[in-house]
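What can be read from a model of a protein chain? The text below goes through one case step by step.

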Amino acid sequence: EAGEEIRKYASDSQAGAQQNFVIQFVHDNRPFAMFLGDRLEYQTREGNDIFLWDVQAWFGTDYNKVWFKSEGEYGLEADRFDEAQIELYFSRTVASFWDLQIGIRHDLEPDPERSFAALGIQGLAPLWFEVEATAYVSEDGDLSAAVEVEYDLLLSQRLILQPRAETSLAVQEVEANGVGQGFNDIEVGLRLRYHIRRELAPYIGVSWSRKLGETADLAEDEG
């Protein structure tokens, strides 16, 4: 009947089989967990070698999850962290293949440390593009945003070519952190990975990045 709530899973109450008749049990309200090391890589940049990480983990049901994310870079020559950030979100499925996420982000590097409130969306766009877009407000009221897009091109069931692009922008300049107003940077990459098994896929690739606009000017002034 119109307006009647749709039951998506059978009841475990004492009412018996009559109440569950013609209702197909769906395992969509059980908690699950996942860890993904999306990028764990060594990069060489004209003698400036780095280790880069980009990991995510979540725990929850199909509709509600808690997400943890972290990414950063460690300079092997300088023996220090160049960038390091962690994020924690509550995520709610709002449409097929799309999650709305709200939470916090904390930048451990570069100095000085900064904290942000975050609101974003993550999911699968038409044509199977994986999209992650997040807006941030810092503790000082500075507005910024980041967008990341990936696409998996299956050359075979195990061999996958993945183009990737990422950019960030800021509404205000934050000179202490080397952040200029406008678009800050862009990074594009191409990675070829081979799935030894579903849980393990080593890869090789190339990556190109550049600071933009006022951020590039601040980096140049700093030397």
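What follows moves from the whole chain to a few of its residues.

The model is predicted. The protein contains 1 helix and 12 strands. Read from the N terminus, the order of elements is β-β-β-β-β-β-β-β-β-β-β-β-α, with the helix coming after the strands.

Some totals describe the chain as a whole. The protein has 223 residues, and buried residues make up 30% of them. The surface that the protein exposes comes to about 14600 Å², and carbon and sulfur atoms supply 59% of that area. Among contacts in the protein with a separation of 6 or more, 36% join residues 24 or more positions apart.

We can now turn to single residues. Gly75 belongs to strand 3, which covers residues 64-75. Is Gly75 buried or exposed? Its relative accessibility is 1%, and buried means under 20%, so Gly75 counts as buried. Which residues does Gly75 touch, once its neighbours within four places in sequence are left aside? They are Asp49, Ile50, Arg80 and Asp82. Leu52 can be located relative to Gly75 as well: the two are 23 residues apart along the chain, and their C-alpha atoms are separated by 8.9 Å.

The next residue, Glu87, sits in strand 4, made up of residues 80-95. Glu87 counts as buried because its relative accessibility is 6%. Leaving aside neighbours within four places in sequence, Glu87 is in contact with Trp67, Phe68, Lys69, Ile104, Arg105 and Tyr136. For one of these, Ile104, the distance from Glu87 is 5.7 Å, C-alpha to C-alpha, with the two positions 17 residues apart in sequence numbering. The side chain of Glu87 also makes a polar contact, at 2.4 Å, with the side chain of Tyr89.

Tyr89 leads on to the nonpolar core. Which residues form the largest nonpolar core? It has 6 residues, namely Trp58, Trp67, Tyr89, Phe116, Ala118 and Tyr136. Two of its members, Trp67 and Tyr136, are in contact with Glu87.

Tyr136 is the last stop. Apart from neighbours within four places in sequence, Tyr136 is in contact with Glu87, Tyr89, Arg105, Phe116, Ala117 and Ala118. The list of its contacts continues with Asp142, Leu143, Ser144, Ala145 and Ala146. Tyr89, Phe116 and Ala118 thus appear among the contacts of Tyr136 and are also members of the largest nonpolar core.

Key:
Residues numbered from 1 in each chain as written. Predicted model: local features only at pLDDT ≥ 70, side-chain atom pairs only at ≥ 80, totals over all residues. Heavy atoms only, no water. Helix = DSSP H or I, 4+ residues; strand = E, 2+ residues; numbered from the N terminus. Buried < 20%, exposed > 50% of the residue type's maximum accessible area, 1.4 Å probe, protein only. Contact = heavy atoms within 4.5 Å. Areas by Shrake-Rupley, 256 points an atom, 1.4 Å probe, with all protein chains shown as cover. Polar contact = N/O pair within 3.5 Å; in protein donor to acceptor, adjacent residues only side chain to side chain. Core = buried A, V, L, I, M, F, W, Y, C linked by side-chain atoms within 4.5 Å.
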